[in-house]
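Open the model in your viewer and keep the sequence panel in sight. The tour starts at one side chain and widens to the whole chain.

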Amino acid sequence: MAKTDDAVDGMASVDSTLGYEQARDELIDVVRRLEAGGTTLEESLALWERGEELAKVCRRWLDGARARLDAALAEASEGDGDAEQE
């Protein structure tokens, strides 16, 4: 039972300050562990839940990056329009 407890203890909630690369790397590790098998049902569920949380962190980072990129492109496009009017 200690093995299950260790796996669950390592699955603390995702830190909101976790960077994209950290979340991505941990998510890759979670997927590898799940694909390797050899875990109990409880361990597998804990890993799955952790993976879902990490995927959400990655998605938030990517959505934020997309919003920044879109804003920069819109600003650049507006700047081009101003230059053409001159």
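**Start at Leu 18**

Select Leu 18. Setting aside neighbours within four places in sequence, Leu 18 contacts Ala 23, Leu 54, Val 57 and Trp 61 (contact: heavy atoms within 4.5 Å). This is a predicted model: local features need pLDDT of at least 70, side-chain atom pairs count only at pLDDT 80 or more, and totals for chains, interfaces and linings use all residues. Residues are numbered from 1 along each chain as its sequence is written, and side-chain values use heavy atoms, leaving out hydrogens and water.

**Widen to the core**

Add Val 30, Leu 47 and Cys 58 to Leu 18, Ala 23, Leu 54 and Val 57: these seven residues form the largest nonpolar core. Such a core is a set of buried Ala, Val, Leu, Ile, Met, Phe, Trp, Tyr and Cys residues joined through side-chain atoms within 4.5 Å; buried means under 20% relative accessible area with a 1.4 Å probe, protein chains only. Helix 2 (20–36) and helix 3 (41–85) each supply at least two of its residues. Helix 3 gives the most, four.

**Zoom out**

Switch to cartoon. The chain has three helices and zero strands (DSSP runs, H or I of at least four residues for helices, E of at least two for strands, numbered from the N terminus). Buried residues are 19% of the 86.

**Colour by pLDDT**

pLDDT is the predictor's confidence in each residue, from 0 to 100. The chain mean is 85. Helix 2 is highest at 98, and helix 1 (residues 2–9) is lowest at a mean of 45. Over residues 1–10 pLDDT is below 50. Where pLDDT is low, predicted coordinates should not be read in detail.

Definitions and conventions
Buried means under 20% relative accessible area, exposed over 50%, partly exposed in between (1.4 Å probe, protein chains only).
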